Amino acid sequence: MQTRSSPSRPRDGRPAAHARFTAVALMTAALLVSACSPGSSSIKPSSAASARSDAANAPVLAPLPRAIPAALAPYYTQRLTWRDCGASGFQCATLKAPLDYDRPGAGDVRLAVTRKAATGKGKPLGSLVVNPGGPGGSAVGYLQQYAGLGYPAEVRARYDMVAMDPRGVARSEPVECLDDRRMDTYTQTDVTPDDRAEQNAAVAADEKFAQACGEHSARLLRHVSTVEVARDTDILRAALGDAKLNYVGASYGTFLGATYAGLFPSRVGRVVLDGALDPSLDSRTVNLEQAQGFETAFQAFTQDCLRRTDCPLGGKGKGTTPTQAADHLRAFFRKLDGHPVATGDGDGRKLGEALATTGVIAAMYDEGAWSQLRAALTSAMKGDGAALLALSDSYYERDASGHYSNLMMANNAVNCLDLPPAFTGPEQLRQAQSAFEKASPVFGEGLAWQSLNCAYWPVRATGEPHRITAKGAAPIVVVGTTRDPATPYRWAQSLAHQLSSGHLLTYAGDGHTAFLRGSTCIDSAIDTYLLHGTPPPPGKRCS
C-alpha cells in the first residue's frame, strides 16, 4: 500500500538496516499497495468478506510459453560485463531489456545489476537474486548495504548474491515526478480533511503529483508493471547463466517473485517470499486490510508502551487503557493539525499531523523502533518534533540535504499500473471512509484518503486482481508474520494456498517480514531450504 503518511520499504535512518530495506507499506507495505479495483461505489460492513469471496474466483495468471520468442533472443543471449563500482567486494553491470515486450524493437531499458561472488568453499549453488520490496526500493542498494554483508555466511559462501533495480527504480532509468521542494509540500498534505477546502487541497496534491510524473516520465509510465519486471528478471536469470531462478523477495518483492513463478513455473528454483502480498485482492481491499494491519501493530505497540514508565500515551501505574492511549494519540494528531510544532529543520518544516502520522506508522514496521517512537512522541508532545520528523523522513527516503530518492515516484507508478484505482474520486471515497475508520480508528481516515492517488494517474492500469498457482513449480516458501502491519498474515496464508507448491512458514510475532529479524527458528528453516532445497514441514510455526 502506498501512502503519503505511512512507511514501508527501505528508508534511510530506519532503526535497523534490515527494516530499512524491507519495510515498504505499502508502506511498502504502505508503500506497497496504492491501487484498487473500480468495483462498487461503497464498502458495506460485509465488504471484506465479499471481496475475499470474489478473490477466490479471480482469474489465474497464465504462464508464458517455455520457448523464447525469436524477437527476444538477443536479450536472452546477452552477456553481462562486470566492472568495479565503488562498493568493496561488489561488481556492477548493465542489463538490457525491451521497453515494451509486445514491441521488442521499440527501444530498450537499461537495468542496473550488482553482484557479490560466492565467498567460500562447498558446491556452488548459482545465483541468489534478492529484492527488498517497495515497489520502489533499490535492490542494488539493499544488496550492497545489507544483504551482501548480512545474509548468513554459508548462504553467501555458496551463492553469488545478485540484485537488480527494477525498471523505473533508483539506478534503472528512474521514474521522475516532483522536485525536492514540491515533495516537501506533498508529504505535508493534510489527508484528514475537515472541510471542502482541505478536501480540494488533498485532491489537488494527487493531481499535481500524477501530472508531474506524466510530464517527466512519459516514456516509462506505461511500462513499469510487475509483469514486465518479472520478465526482466527472467532475462537476468539467463544472463547470469542459471537454468532456474533462486530468489528471496520481501514485501512487494513477494509479489514480484510470485509473478515470476506464475509466468515461468518451470524455471523456479529455491524461492522465498517473506511478508507476502495476496495478488487476488483488488486495491481497495488491500488498502482496507492494510489499515487493519497497522491497527493491529499499533495495539501491540500500545500494550507494550503502557507497561513502561516512559510511555507518552499513559504509562505504567497510570491506569490507562489501550483505548484511552489511542484516544490520546488521536487527540495529539488533531492538535498538530491546527498547531504544528517546531523541529529545527533547516528548510523550515514543522511537524504537522501528516508528517507525525507517517513517523508513527514508520515505527510500526519494526518493534525494535518502539523505544525510538516512545522518545519521539514524548519530545513532540513537549514541542520538539525533530525525532518524529526524522522517522517520517526515513520512510520517504529524504536525506539530510533535503533530497528524496525516487521511491515514492516509482511506488505510485507501479501500483497505479498493476491495479485499477481504489476510488474514482472523493465522493466514492467518503462512502467507504467509515469502513476504514472502523478497521483502524487511529489511522483509517488518513489511509483511506491516501488510497485516492491512482484516481488521477495519467495512464490506465494494465493489471487486474488474479490468483497465482505456478503449477509445476518447485517448492516455494511463503513466510507470514502474525502481526505484520504492512502485509497482514492472511495474505501469506492466501498466497501459500494459491501456489500449487506453496509451503507456509509462520512467525508468531511483530514487525514487517521475519527472515533475519531475530528468530533463530525462522532463519534456520530458510537457511535449510536455500542450502539444501528442503522446505519447512506443513504447519511450521516459529516465535
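Start by selecting strand 2 (residues 91-98) and strand 3 (residues 108-116), which run antiparallel and are joined by eight bridges. The model on the screen is a predicted one. Within this pair of strands, pick glutamine 91 and look across to strand 3: the residue opposite is arginine 115.

Now widen the selection to the whole sheet. Ten strands make up this open sheet, and their pairing is mixed. Going across, the order of the strands is 1-2-3-5-4-6-7-8-9-10. Which strands are at the edges? They are strand 1 (83-84) and strand 10, each of which pairs on one side only. Keep strand 10 in mind, as the tour returns to it later.

**Helix 10**

Select residues 226-240, which form helix 10. At 1.5 Å a residue, its 15 residues should span 21 Å, and the end C-alpha atoms are indeed 21 Å apart, so the expected and the modelled spans agree. Is this helix enclosed or open to the outside? Of its 15 residues, 14 are buried, so helix 10 is largely enclosed by the rest of the structure. Step one residue further to glycine 241, which follows helix 10 and has a positive phi, near 85 degrees.

**Helices 12 and 15**

Next, show helix 12 (residues 283-305) together with helix 15 (residues 370-381). Their axes are 11 Å apart and the packing angle is about 75 degrees. An angle of 65 to 115 degrees counts as roughly perpendicular, and helix 12 and helix 15 are therefore described that way. To see the contact, display the side chains of Ala297, Ala300, Phe301, Asp304 and Cys305 on helix 12, and those of Trp370, Leu373 and Arg374 on helix 15.

**The disulfides**

Cys305, part of that contact, leads to the next stop. A disulfide is a covalent bond between the sulfur atoms of two cysteines. How many does the structure hold? There are five disulfides. With the bonded cysteines counted along the chain, the pattern is 1-2, 3-4, 5-6, 7-8, 9-10. Three of the links are visited here, beginning with the one at cysteine 305.

Select cysteine 305 and cysteine 311: a disulfide joins them, with an S to S distance of 2.0 Å. The link is right-handed, with 105 degrees about the S-S bond. Both cysteine 305 and cysteine 311 are buried.

Move on to cysteine 416 and cysteine 454, whose sulfur atoms are 2.0 Å apart in another disulfide. This link is left-handed, with -85 degrees about the S-S bond. What does the pair tie together? Cysteine 416 lies in helix 17 (residues 407-418), while cysteine 454 is in the loop between helix 19 (444-450) and strand 8 (476-483), so the disulfide connects parts that are 38 residues apart in sequence. Cysteine 416 and cysteine 454 are both buried.

The last stop is the disulfide between cysteine 521 and cysteine 542, with an S to S distance of 1.9 Å. The link is left-handed, with -55 degrees about the S-S bond. Cysteine 521 belongs to helix 21 (residues 520-532) and cysteine 542 to strand 10 (residues 541-542), so the pair ties together parts that are 21 residues apart in sequence. Strand 10 is the edge strand seen earlier. Is each cysteine buried or partly exposed? Cysteine 521, at 26% relative accessibility, counts as partly exposed. Cysteine 542, at 3%, counts as buried.

Methods:
Residues numbered from 1 in each chain as written. Predicted model: local features only at pLDDT ≥ 70, side-chain atom pairs only at ≥ 80, totals over all residues. Heavy atoms only, no water. Disulfide = S-S within 2.5 Å. Buried < 20%, exposed > 50% of the residue type's maximum accessible area, 1.4 Å probe, protein only. Helix = DSSP H or I, 4+ residues; strand = E, 2+ residues; numbered from the N terminus. Expected span 1.5 Å × (residues − 1). Pairing = 2+ DSSP bridges. Axes fitted to C-alpha atoms, helices over the stretch in contact; angles between N-to-C directions. Parallel < 35°, antiparallel > 145°, perpendicular 65-115°, else oblique. Contact = heavy atoms within 4.5 Å.
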